[in-house]
Amino acid sequence: MFSLPTRFRVLPLCVVFDSIHVFVVQSWEICMRITTRGIYALKAMVDLASESSVETPVALHKIAEKENISTEFLQQIFFKLRKAGLIAAARGPGGGFYLAKDAHEVSALDILLAAGECLRISPCSEIKRGKHKPCGELKCCEAGEFWLEMENNIRQFAQNKTLSDLAVG
């Protein structure tokens, strides 16, 4: 089990996705943390996977109400998801949103990246045009490989979890 050093004070918020715990820590140090935008994007996409289809789109306000998300904030999130080609909209009476792809083709990583999340956990690498660009000190830094491997494991975990996996529970 993960334990924090005593100099940290953990706030009473702990978000759990499968076996990954994300702690909100008060400190000067930066912690990996998925933003509210990413959390809501994933929740809304799980709702769409469970409730919608091309024939039965779901109104944005119904998802916002069910998940207790501001309609305006959810509109911003859906704009990004739609731009990424993950969702589509049906206009007119009975209109709403539905998945643009099959749920088994959409990964949690796809959703988080479309929402604008960054899964970098250290400054040891940055991603440019989909490729890792290691920092200049990586060759002489023993810890750098550890951080890169951890980041890759997190990304791989999110890539392997599809929307159909999450919608089933």
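Student: I'm new to this structure. How many helices and strands make up its secondary structure?

Tutor: Welcome! The protein has six helices and six strands. Keep in mind that this is a predicted model. Going along the sequence, the elements come in the order β-β-α-α-α-β-β-α-β-β-α-α.

Student: What share of the protein's residues is buried?

Tutor: Of the 169 residues, 34% are buried. As for the outside, the accessible surface is about 10900 Å², and carbon and sulfur atoms account for 54% of that.

Student: And what share of the contacts links residues 24 or more positions apart?

Tutor: Counting contacts with a separation of 6 or more, 56% are between residues 24 or more positions apart.

Student: Let's pick one helix. Which residues of α2 are buried?

Tutor: Start with the general idea. An α-helix has 3.6 residues a turn, so residues three or four places apart point the same way. Now look at α2, which covers residues 60–67: Leu60, Ile63, Ala64 and Glu67 are buried there. Viewed down the helix axis, these buried residues of α2 fall within an arc of 100 degrees, so they line one face of the helix.

Student: Which exposed residues sit on the face turned away from that buried side of α2?

Tutor: That face of α2 carries Lys62, Glu65 and Lys66, which are exposed.

Student: What covers the buried residues of α2?

Tutor: The cover includes helix α1 (36–51), helix α3 (71–83) and strand β4 (96–99). Try finding these elements around α2 in the structure above.

Student: What happens to the backbone just after α2?

Tutor: Here is the general idea. Most residues other than glycine have a negative phi. In this structure, Asn68 comes just after α2 and takes a positive phi of about 60 degrees. Asn68 is a residue other than glycine, and it lies in the loop between α2 and α3.

Student: Is Asn68 buried or exposed?

Tutor: Asn68 is exposed, since its relative accessible area is 68%, and the cut-off for exposed is over 50%.

Student: Now the surface. Which residues make a nonpolar patch there?

Tutor: Phe146, Trp147 and Met150 make a nonpolar surface patch of about 270 Å². To find the patch, go to helix α5 (residues 142–160), where Phe146 has its place.

Student: Why does Phe146 count as partly exposed?

Tutor: Partly exposed is the range between the cut-offs, under 20% for buried and over 50% for exposed. Phe146 has a relative accessibility of 46%, so Phe146 counts as partly exposed.

Conventions. Residues numbered from 1 in each chain as written. Predicted model: local features only at pLDDT ≥ 70, side-chain atom pairs only at ≥ 80, totals over all residues. Heavy atoms only, no water. Patch = residues over 30% accessible without salt bridge, like charges linked within 9 Å, V, L, I, M, F, W, Y side chains within 5 Å. Areas by Shrake-Rupley, 256 points an atom, 1.4 Å probe, with all protein chains shown as cover. Salt bridge = Lys/Arg side-chain N within 4 Å of Asp/Glu carboxyl O. Helix = DSSP H or I, 4+ residues; strand = E, 2+ residues; numbered from the N terminus. Buried < 20%, exposed > 50% of the residue type's maximum accessible area, 1.4 Å probe, protein only. Arc of directions from axis to C-beta. Contact = heavy atoms within 4.5 Å.
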